[in-house]
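Please open the model in your viewer and keep the selection panel at hand, since this tour moves from one selection to the next.

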Protein chains: 2
Amino acid sequence: MALPSERAVLTRDAIVAAAREVIATSGLEALSLRRLATGLGVTAPALYAHVTDKEDLLRALATAEFDALVARFAAVDEDDPVARIRAHGRAYVAHARESPELFHVMFLFPPDLGAADLPEGRELPGATQAFAAAFGAVEDAAASGALAIDDPLLAALTLWSAMHGVATVLQLGLDLPSEVEDALIDEVTDRILAGYRPSV
Amino acid sequence: MALPSERAVLTRDAIVAAAREVIATSGLEALSLRRLATGLGVTAPALYAHVTDKEDLLRALATAEFDALVARFAAVDEDDPVARIRAHGRAYVAHARESPELFHVMFLFPPDLGAADLPEGRELPGATQAFAAAFGAVEDAAASGALAIDDPLLAALTLWSAMHGVATVLQLGLDLPSEVEDALIDEVTDRILAGYRPSV
DNA sequence: ACCGCGTTGTGAACAGCGTTCACCACGACC
DNA sequence: GGTCGTGGTGAACGCTGTTCACAACGCGGT
């Protein structure tokens, strides 16, 4: 194993990282394999040793982005499950707002959140992990009686969908004043949570 | 003005309709101006007489799609404002589910829902009309005291975002059983409405 | 020390894309 | 009947993703 020479080694990760950079900086439209390759000091066909497809590359990027989201979720350390739900929502939207283009890529080739038939021992894909975290908080809130939830899966989907909607709508460029945007984020979560409040 | 001969006249509307057909049938990826043109019995450059751009074409298509959505909203004849809100939500998701690809196109080049600075006399763009309809129902519900709403705009955005999220999530291909999908649609609306229920 | 092998990247090529431009045919008008 | 203008054509440009035959390089074996 020779020392990595002056010329950078071409790894799948390096390619994905470079693609991420391009998209975050110049948008998805600007991502072409040829430009990406020359940016890496290499010609286009060289990429195909590490990536089967452009779609494959975007999928890998989406995966990485979901992992980053999982990390954000893991950084939430609220004890109260309801507070945790709120924090997840904010983290989700924050992630989306940080780079709208990357957020968009996450859903270009949709991952299956499907906690359906997991092979048990295997590492869960990021998307599933992220949803599992959100789901866990909902389950805790239901178990503790803080929220009146019949079907935790349905409730988690409800919250997730709603937050996803907010994240999406905020990127539509309808330039709402930023205090309205911030208010919207909390409003959606709060109203749904209020809808789940136990009737004492 | 001669009779329109056997050969179909090439209109902007005809082009948009053909594009709609292609996208609905074979997806956005399959839409190329060249193929679209040959489908219309014409060569590609001929399209540029009626369309400045591919983007222009997609924008026109999005506009048409928003108009269709407005028509759906107009068909809602519930008297009770809360029932109207629910009906709007269902209509929105139904529209999205009928052709996911077309729904996606609606937001490719985002329209501004901005009821901001409308030129007063001018015809409102479909996106704005659609939002206005939804907004109206929310205002009515607030005025009638059926819902406890401080800021109707915020509430309308809340509902819209949430429904948009549902519409989007349902297309992620995470194959939820369809009864869960249906339940999700109502659940989101109902929980938010519950969150706005006046505390008697 | 040399030879061969396997890896990794190259250069050229293919098909298709959006878009532009010079041209041409045809119907309407004087 | 000749002229004009509109609307469509054919060819071209530069770009894209992708494939393929080939070349350069370093390692292992003799």
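Which of the 16 residues around DNA strand C come nearest? In this predicted model, select DNA strand C and then pick out T43(A) and P45(A) in one chain, followed by S32(B), P45(B) and K54(B) in the other, for these are the residues that come nearest among the 16 around the strand. Now colour the elements that give two or more residues to this surface, which are α3 (44–47) of chain A, together with α2 (33–39) and α3 (44–47) of chain B. Pause on α2(B), because its three residues are the largest share of the surface near DNA strand C. If you colour by class instead, you will find ten nonpolar, two polar and four charged residues on the surface near DNA strand C.

Next, move to DNA strand D, where 16 residues again lie around the strand, and where S32(A), P45(A), K54(A), T43(B) and P45(B) come nearest. Here the elements to select are α2 (33–39) and α3 of chain A, along with α3 of chain B, each giving two or more residues to the surface. With three residues, α2(A) gives the most to the surface near DNA strand D.

Finally, show both protein chains and superpose them: a turn of 180 degrees, with a shift of 0.0 Å along the axis, lays chain B on chain A with an RMSD of 0.0 Å. The two copies are therefore related as by a two-fold rotation axis. To find that axis from chain B, select G165(B), whose C-alpha is the nearest to the axis in that chain, at 1.7 Å. As 100% of the interface residues of chain B are also interface residues in chain A, the copies meet through the same surface.

Terms used
Residues numbered from 1 in each chain as written. Chains lettered and ligands numbered in written order. Predicted model: local features only at pLDDT ≥ 70, side-chain atom pairs only at ≥ 80, totals over all residues. Near = placed C-beta within 6 Å. Helix = DSSP H or I, 4+ residues; strand = E, 2+ residues; numbered from the N terminus. Nonpolar A, V, L, I, M, F, W, Y, C, P; charged D, E, K, R; others polar. Least-squares fit on C-alpha atoms with pLDDT ≥ 70 in both. Contact = placed C-beta atoms within 7 Å.
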